[in-house]
Amino acid sequence: MEDKIITVNRQAKHEYFIEESIEAGIVLEGTEVKSIRLGSVNLKDSFCLISGSAVYLKNAHIAVYEKSGGFNSRDAKRDRKLLLHKQEIFRLKGKMSEKGYALIPLKMYFSGALIKIELGLCKGKHTFDKKQTLKEKDLMRKADREIKEYR
């Protein structure tokens with residue numbers, strides 16, 4: 001079955017080296033699911049923290065569903081619990097204890113009727129790494145343009 005992508009954190013690929021990715025479930029309320037179905041999600045500045053034996057998504061913006069009336073008094077950037085196996089959590093905790101590693105949400109998508117998040121175990125890039133990535137991207141774009149013009 002094809003997964004329908006809701007949103008992608010494009011900034012993550014620019015800011016970090018992504019070493020591995022993990023699929024996680026997310027605990028949401030009904031109005032948040034409706035808001036996500038409308039595409040009112042932003043993962044730009046979000047990150048994950050491991051607290052005890054639970055993983056939390058911090059700073060992810062899921063807009064308040066406007067048709068919920070007075071029943072929805074939740075914050076749009078509240079912490080949301082992620083669902084992972086205990087062994088995965090302990091393995092990620094060990095990796096994140098090393099210097100420079102972070103757990104960053106890469107994309108949010110529908111897997112059937114469920115909403116999943118792809119997390120990336122990432123290591124931060126330095127400014128010269130970012131410049132190198134942009135140079136490579138420009139060279140690839142230029143080569144593609146020249147191939148297209150040659151035809």
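**Exercise 1. Determine which residue in strand 7 stands opposite Gly25, and place this pair within the pairing of strand 2.**

Solution. Step 1: in this predicted model, Gly25 faces Leu83 of strand 7. Step 2: the pairing between strand 2 and strand 7 (residues 80-83) is antiparallel and comprises 2 bridges. Step 3: strand 2 (residues 16-26) also pairs with strand 9 (residues 114-124), in the antiparallel sense and over 9 bridges. Step 4: within strand 9, Gly124 is the bridge partner of Tyr16.

**Exercise 2. Locate Leu28 and identify which residues it contacts beyond its neighbours within four places in sequence.**

Solution. Step 1: Leu28 lies in the loop that runs between strand 2 and helix 2 (30-37). Step 2: with neighbours within four places set aside, the contacts of Leu28 are Val33, Ile36, Ile62, Arg80 and Ile115. Step 3: a further spatial relation links Leu28 to Leu82, since their C-alpha atoms are 9.5 Å apart although 54 residues separate them in sequence.

**Exercise 3. Establish which residues of the largest nonpolar core touch the most other members, and which elements supply this core.**

Solution. Step 1: the core holds 25 residues, and those touching the most other members are Ile36, Val55, Leu82, Leu84, Met108 and Leu119. Step 2: at least two residues of this core come from each of strand 2, strand 4 (47-51), strand 5 (54-58), helix 3 (86-96), strand 8 (101-111) and strand 9. Step 3: a separate core of 5 residues includes Ala102, Ile104, Leu106 and Cys122. Step 4: for Val55, the contacts outside the four-place sequence window are Cys48, Leu49, Ile50, Arg80, Lys81, Leu82, Leu84, Ile89 and Leu103.

**Exercise 4. Is Lys125 buried or exposed, and what does its side chain reach?**

Solution. Step 1: Lys125 sits in the loop between strand 9 and helix 4 (127-150). Step 2: Lys125 is buried and has no salt bridge. Step 3: the nearest side chain of opposite charge belongs to Asp129, at 7.4 Å, whereas the salt-bridge cut-off is 4 Å. Step 4: the Lys125 side chain instead reaches the backbone oxygen of Lys13, at 3.2 Å. Step 5: beyond four places in sequence, Lys125 touches Lys13, His14, Glu15, Tyr16, Phe17, Lys130 and Thr133.

**Exercise 5. Describe the chain as a whole: how many helices and strands does it contain, and in what pattern?**

Solution. Step 1: the chain contains 4 helices and 9 strands. Step 2: along the sequence their pattern is β-α-β-α-β-β-β-β-β-α-β-β-α. Step 3: 33% of the 151 residues count as buried. Step 4: of the contacts between residues at least 6 apart in sequence, 68% join residues at least 24 apart.

How values were computed. Residues numbered from 1 in each chain as written. Predicted model: local features only at pLDDT ≥ 70, side-chain atom pairs only at ≥ 80, totals over all residues. Heavy atoms only, no water. Pairing = 2+ DSSP bridges. Contact = heavy atoms within 4.5 Å. Core = buried A, V, L, I, M, F, W, Y, C linked by side-chain atoms within 4.5 Å. Buried < 20%, exposed > 50% of the residue type's maximum accessible area, 1.4 Å probe, protein only. Lys, Arg positive; Asp, Glu negative; His and termini not counted. Polar contact = N/O pair within 3.5 Å; in protein donor to acceptor, adjacent residues only side chain to side chain.
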